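Hi,

Here is the structure I promised to pass on. Have a look at it, and then read my notes below.

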Amino acid sequence: LGQTPHNVVVAQVLYRLGLAEQLRGRNGGRVGAFSFDRASAMAEQLEAAGNEPLDFSCTIMVLGKTGVGKSATINSIFDEVKFGTDAFQTGTKKVQDVVGTVHGIKVRVIDTPGLLPSWSDQCQNEKILHSVKRFIKKTPPDIVLYLDRLDMQTRDFGDMPLLRTITEVFGPSIWFNAIVVLTHAASAPPDGPNGTASSYDMFVTQRSHVVQQAIRQAAGDMRLMNPVSLVENHSACRTNRAGQRVLPNGQVWKPHLLLLSLASKILAEANTLLKLQDTPPGKPFATRARTPPLPYLLSSLLQSRPQVKLPEEQYGDEDGLDDDLDESSDSEDEPEYDELPPFKRLSKAQIAKLSKAQKKAYFDELEYREKLFMKKQLKEEKKQRKMMKKMASAAKDLPSEYGENAEEESSGASSVPVPMPDLALPASFDSDNPTHRYRSLDSSNPWLVRPVLDTLGWDHDVGYEGINVERLFVAEKKFPISFSGQVTKDKRDANVQMELASSLKHGEGKATSLGFDMQTVGKDLAYTLRSETRFSNLKKNKAMAGISVTLLGDALSAGVKFEDKLIANKQFQVVMAGGAMTGRGDLAYGGSLEAQLRDKDYPLGRSLSTLGLSIMDWHGDLAIGCNIQSQVPVGRSTNLIARANLNNKGAGQVSLRINSSEQLQLALTSLFPLVKKLFDYFHQVQYGQ
């Protein structure tokens with residue numbers, strides 16, 4: 001091919017061949033260090049002796065969309081018309097192959113019918129790809145060329161349905177020996193965003209990155225880096241003195257494409273000598289051991305989970321601050337709600353007659369009374385919880401027969417179903433409030449079955465996305481067992497989540513929990529067995545340590561985590577967590593920090609600020625993320641919510657949201673995108689686009 005040993009691809013191939021030669025020497029033969037000069041001299045001697053040529057050939061399969069130039073590229077490789085081409089109709093109707101000699105090497109190329117990218121055409125694509133799979137069953141290809149056009153500018157991953165279909169039919173391993181070929185490579189690069197001409201190299205780099213990123217997502221392996229080769233089949237393409245077609249960057253594309261293809265074949269044979277892979281007979285492509293998604297598993301491990309408690313222990317706050325939040329925490333000068341003088345609410349017509357100062361005084365008094373009324377309700381709930389705790393502790397001291405009678409009476413009293421509170425539906429512009437669609441009853445049945453809502457659905461949709469089932473068991477009157485399961489399904493995917501957890505107390509402020517999780521990860525089910533131990537070393541500090549073991553497919557992963565929660569007061573708390581996850585020789589570790597600042601009148605106030613930091617390290621790739629969210633009340637019925645997130649990759653997002661029930665003129669902001677769209681449309685019509 002006219003390449004020197006200093007070429008990057010040639011140097012990699014020679015290094016692998018030298019490694020294979022040394023490995024054979026360790027197995028019994030005496031082989032010295034690999035020398036390119038000695039190998040070249042030996043090859044020349046064998047050729048001069050007139051020995052049989054090497055039994056070396058290469059089988060190439062060509063895949064791609066309709067009209068990208070698959071048949072034209074095959075004709076250019078052989079320098080003769082092997083397949084007919086037509087610019088106005090599909091050239092290849094069925095799978096066919098052609099054999100020829102290129103640069104003295106036997107090359108077999110398999111041409112395939114064109115594929116279509118849209119979702120509606122994937123059934124037809126599956127039929128074509130299955131016929132290709134049957135065709136290559138006896139003689140699998142050594143290399144796969146995936147063809148696309150260089151001048152097709154798209155960033156919306158519109159080819160993702162096609163790439164996923166190819167992955168489903170052949171398996172992710174088809175992309176491990178694939179080369180991305182971009183045709184129409186002599187096309188002029190488009191203008192930049194400010195109207196200036198962009199460079200050809202930048203144009204090729206951007207287009208190559210889009211195709212490679214789409215293949216990574218389809219294969220489910222973000223470490224894939226498929227080589228890219230440029231091709232131009234047009235007869236008007238510039239040529240050199242030898243008649244070879246030259247690209248705008250000065251590269252002669254045909255030797256480069258053949259070099260990548262033949263190098264992949266040689267590396268595959270070197271790997272068999274090194275026993276790096278073992279291709280089972282009858283399988284077109286070698287399967288690679290799948291690496292478990294350690295960052296995802298570690299993030300799931302670091303999530304804080306509440307402790308499973310007995311029914312009589314489920315009164316009060318998780319942090320144990322409800323007992324501290326008693327009447328002494330309130331201001332002594334603040335009167336009780338019952339001590340306030342009578343107050344008459346005004347109608348809208350009466351409020352409209354008030355002056356600005358009178359309206360302010362009226363609404364201030366109304367807000368103050370509502371606040372005292374909510375505090376009164378909270379105090380009554382606290383008293384009721386304390387009474388229930390005392391009753392539960394007193395029931396433990398009674399004989400067993402009294403406890404059984406009490407259980408029978410309580411079960412008989414709750415046999416009458418009562419309506420459960422309405423679900424909180426997302427904000428909607430629909431005048432009809434469809435909460436009646438999701439109403440359910442709370443009966444004596446211990447199984448709690450509820451619908452799962454689609455929060456991003458349309459206003460008039462029913463909104464059912466799945467079903468959720470929960471139940472709490474009590475074993476031996478001291479082991480709480482919680483079961484929860486959720487099944488969600490749409491037209492394409494189905495997700496299953498199941499959790500079974502239990503806990504055991506072994507001392508004051510100490511508890512150990514054991515859980516089993518099952519959830520859908522991609523198209524596989526992940527089974528996780530985890531255990532956590534909590535202990536309170538200080539009154540306002542809780543520590544926790546846990547381990548987990550996850551089985552995903554045939555990969556087993558194990559992880560460990562540590563967590564510490566500091567509760568300064570009812571307003572401020574900090575949660576810090578760190579851990580590591582390992583599987584198949586890989587290691588990922590990370591940590592998180594979350595600080596929360598509540599309103600001084602929590603849980604009555606509306607102010608809430610949260611700061612989150614996360615760090616993840618996997619394969620030396622450090623990912624740092626920061627997330628800030630703050631909710632500030634602006635007026636009596638208006639809230640301002642600000643969110644900001646940023647990572648060390650330079651990506652981030654800032655969003656501001658205002659919701660109000662009194663400033664309805666905020667809805668006029670929706671006119672801005674409509675006006676901008678109309679302006680852009682008339683601008684395009686004016687310039688004839």
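What follows is a short tour of what turned up, starting with the salt bridges.

One thing before the details: this is a predicted model, so please read everything below in that light.

**Salt bridges**

Searching the whole structure gives 19 salt bridges. I'll pick out a few of them.

Start with Lys65 and Asp159, whose side chains meet in a salt bridge at 3.2 Å, N to O. Lys65 sits in the loop between β1 (57–64) and α3 (70–78), while Asp159 is in the loop between β4 (143–149) and α5, so this pair ties together parts that are 94 residues apart in sequence. As for cover, both Lys65 and Asp159 are buried.

Next is Arg108, which forms a salt bridge with Asp97, and here the closest N and O atoms are 3.0 Å apart. Arg108 belongs to strand β3 (residues 105–111) and Asp97 to strand β2 (residues 96–102), so the pair ties together parts that are eleven residues apart in sequence. Are the two partners buried or partly exposed? Arg108 counts as buried because its relative accessibility is 15%, which is under the 20% cut-off. Asp97 has a relative accessibility of 35%, so it counts as partly exposed.

The third is the bridge from Asp517 to Arg530, with the closest N and O atoms 2.9 Å apart. This one links distant parts of the chain, with Asp517 in strand β13 (residues 510–521) and Arg530 in strand β14, 13 residues apart. Asp517 counts as buried at 10% relative accessibility, and Arg530 counts as buried at 7%.

Which residues are joined into one network by salt bridges that share partners? They are Lys65, Asp148, Asp159 and Arg207, so you will meet the Lys65 and Asp159 pair from above again there.

**Helices α5 and α6**

Now to a helix pair. Helix α5 (residues 160–170) packs against helix α6 (residues 200–219) at an angle of about 45°, and their axes are 9 Å apart. That angle makes α5 oblique to α6. The crossing of the two helices, α5 and α6, is right-handed.

While you are in that stretch of the chain, look at Trp175, in the loop between α5 and β5 (178–183). Trp175 has a relative accessible area of 1%, so it is buried. What separates the C-alpha atoms of Trp175 and Met225? The distance is 9.5 Å, for two residues that are 50 residues apart along the chain.

**A nonpolar patch on the surface**

Last, turn to the surface. Leu514, Leu525, Tyr527, Leu529, Val549, Leu551 and Leu556 make a nonpolar surface patch of about 600 Å². Two strands, β14 (524–538) and β15 (541–552), each supply at least two residues of this patch. Which strand gives the most to it? That is β14, with three residues. β14 is also the strand that holds Arg530, the partner of Asp517 in the salt bridge described above.

From the patch, take Val549 as an example: it lies in strand β15. With a relative accessible area of 39%, Val549 is partly exposed. That value also clears the bar for patch residues, because they need over 30% relative accessible area.

That's the tour. Shout if anything looks odd when you open it.

Cheers

How values were computed:
Residues are numbered from 1 along each chain as its sequence is written. This is a predicted model: local features need pLDDT of at least 70, side-chain atom pairs count only at pLDDT 80 or more; totals for chains, interfaces and linings use all residues. Side-chain values use heavy atoms; hydrogens and water are left out. Patches are made of residues with over 30% relative accessible area and no salt bridge: like charges are joined within 9 Å, nonpolar side chains (Val, Leu, Ile, Met, Phe, Trp, Tyr) within 5 Å. Accessible areas come from the Shrake-Rupley method with a 1.4 Å probe; for residues, only the protein chains shown count as cover. A salt bridge is a side-chain nitrogen of Lys or Arg within 4 Å of a carboxyl oxygen of Asp or Glu. Helices (H or I, at least four residues) and strands (E, at least two) are DSSP runs, numbered from the N terminus. Buried means under 20% relative accessible area, exposed over 50%, partly exposed in between (1.4 Å probe, protein chains only). Axes are lines fitted to C-alpha atoms, for helices over the stretch in contact, and angles run from 0 to 180 degrees between N-to-C directions. Angles under 35 degrees count as roughly parallel, over 145 as roughly antiparallel, 65 to 115 as roughly perpendicular and the rest as oblique. A crossing is left-handed if the near helix is turned anticlockwise from the far one by less than a right angle, and right-handed if clockwise.
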